[in-house]
Amino acid sequence: MAANYWASTQRLHWHFSRTELQDILQHLENEDQPLTQQYPLLDRRLLSIFYNQQLGKLAKRMSIRQQALATAQVYIRRIYTKVDVRNTNPYLILTTALYLACKMEESPQHIRVVVEHARSLWPDFIPSDVSRLGECEFYLISEMNSQLIVHHPYRTLQELQSRLDLVQDDVLVAWSIINDHYLTDLPLLFAPHVIAIAAIFLALTLKQTSGGQQTAVKAAAYLTDSRQTIRDASSTVASNDNVPEKRIGSFVKWLAEGEVDLQAVADSMQEIMSLYDIWDRYSEKTCKDQISHVVKARGLDK
């Protein structure tokens, strides 16, 4: 097992530039043009919301911890850089990813129990034969080249809580934002500590300023300035008497004085805000109907 993120297979094999990831996903789309045209799909972020909600239902039934759920979400995102979703039964992939993640996060579940709970949720899509889940598990392990250790942003958030004097409300909001980032491509793009810092910044700007989301968008753009400009501006804000703004100013000053990639933090914030913007268009029924149609029409539920 990798001792830390920097030496991990996650960093060495499962992080991409945005261009690299776009090329990978576009290649999957182009591999079988007739299939892509016959079964057009919704925005990947909308499908990710659906996957997350279905996975959450299964995890709740089995009382599975958040860390295992997060690991499963990363597995799902990795798998769908290897294979087009149209060639899979997403319900079986979700179930198997959670089963495998529980093993890796030292909270294993019996395969029959997993299949039983999954069938109670999606009886038309999960085979009763437990060997099918076992076969899918082998497939996932193979496609991920047995690189199954996942580092998450939660640890960084906990480490920074005392260092940045974050109150409990800040931590709870940031934790929720970290949960949401698994619905985006961010786990494949940036290091966990970058995501944690972006979540803290969003938590502070969304919760403690009257501008809310608009302020968060401006804050992300603000991070693209030079470090010296940020230091000067944040020092001014940190010295005023407005407590919320003072705390944000102190955080930004700390950020500017460190070695964190500010552009990566800004990009992460903008990606999460983009998710929140598109969430208004989400319809569980539409996603469910579309996925069901593809799976049944292609006989992938057998």
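A residue counts as buried when its relative accessible area is under 20%. By that cut-off, phenylalanine 201 and phenylalanine 251 are both buried. The structure described here is a predicted model, with an average pLDDT of 88 for the protein. The briefing below covers confidence, aromatic pairs, the surroundings of tyrosine 51, and salt bridges.

**Confidence of the model**

- A pLDDT of at least 70 is reached by 86% of the residues.
- Among the elements of the protein, α6 has the highest mean pLDDT, at 98, and helix α13 (residues 227-238) has the lowest, at 47.
- The pLDDT falls below 50 over residues 229-241. In the model this stretch nevertheless has 22 contacts beyond near neighbours in sequence.

**Aromatic pairs and cluster**

- The count of aromatic pairs comes to 11.
- One of them joins phenylalanine 201 and phenylalanine 251 in an edge-to-face arrangement, with 5.4 Å from centre to centre and 70° between the planes.
- This pair links distant parts of the chain, 50 residues apart: phenylalanine 201 belongs to helix α11 (residues 192-208) and phenylalanine 251 to helix α14 (residues 243-257).
- A single aromatic cluster is formed by Phe50, Tyr51, Tyr80, Tyr91, Trp122 and Phe125.
- Phenylalanine 125, a member of that cluster, has lysine 296 over its face, at 5.0 Å from the ring centre.

**Surroundings of tyrosine 51**

- Tyrosine 51, another member of the cluster, is located in helix α4.
- Its relative accessibility is 10%, so tyrosine 51 counts as buried.
- When neighbours within four places in sequence are left aside, tyrosine 51 is in contact with Tyr80, Val85, Pro90, Leu94 and Ile291. Among these residues, Tyr80 also belongs to the aromatic cluster.
- Tyrosine 51 and leucine 94 are 43 residues apart along the chain, and their C-alpha atoms are separated by 7.4 Å.

**Salt bridges**

- Side chains of opposite charge can pair when their charged atoms come close. The structure holds 13 salt bridges.
- One of these is between arginine 86 and glutamate 29, whose side chains meet at 3.2 Å, N to O. Arginine 86 lies in the loop between α5 (66-79) and α6 (90-104), whereas glutamate 29 lies in helix α2 (residues 18-31), so the pair ties together parts that are 57 residues apart in sequence.
- The two partners differ in exposure: arginine 86 is buried, at a relative accessible area of 2%, while glutamate 29 is partly exposed, at 29%.
- Arginine 86 also forms a salt bridge with aspartate 84, in which the closest N and O atoms are 2.8 Å apart. Aspartate 84 has a relative accessible area of 8% and is therefore buried.
- Through these bridges, Glu29, Asp84 and Arg86 are linked in a network.
- A further salt bridge brings together the side chains of aspartate 185 and arginine 44, at 3.0 Å, N to O. Aspartate 185 is in the loop between α10 (168-181) and α11, and arginine 44 is in helix α4 (residues 44-61); the pair therefore ties together parts that are 141 residues apart in sequence.
- Aspartate 185 counts as buried, with a relative accessibility of 14%, and arginine 44 as partly exposed, with 33%.

Methods: Residues numbered from 1 in each chain as written. Predicted model: local features only at pLDDT ≥ 70, side-chain atom pairs only at ≥ 80, totals over all residues. Heavy atoms only, no water. Phe/Tyr/Trp six-rings, centres within 6.5 Å; stacked < 30°, edge-to-face > 60°. Helix = DSSP H or I, 4+ residues; strand = E, 2+ residues; numbered from the N terminus. Buried < 20%, exposed > 50% of the residue type's maximum accessible area, 1.4 Å probe, protein only. Lys NZ or Arg CZ within 6 Å of the ring centre and 35° of its normal. Salt bridge = Lys/Arg side-chain N within 4 Å of Asp/Glu carboxyl O. Contact = heavy atoms within 4.5 Å. pLDDT = per-residue confidence, 0-100.
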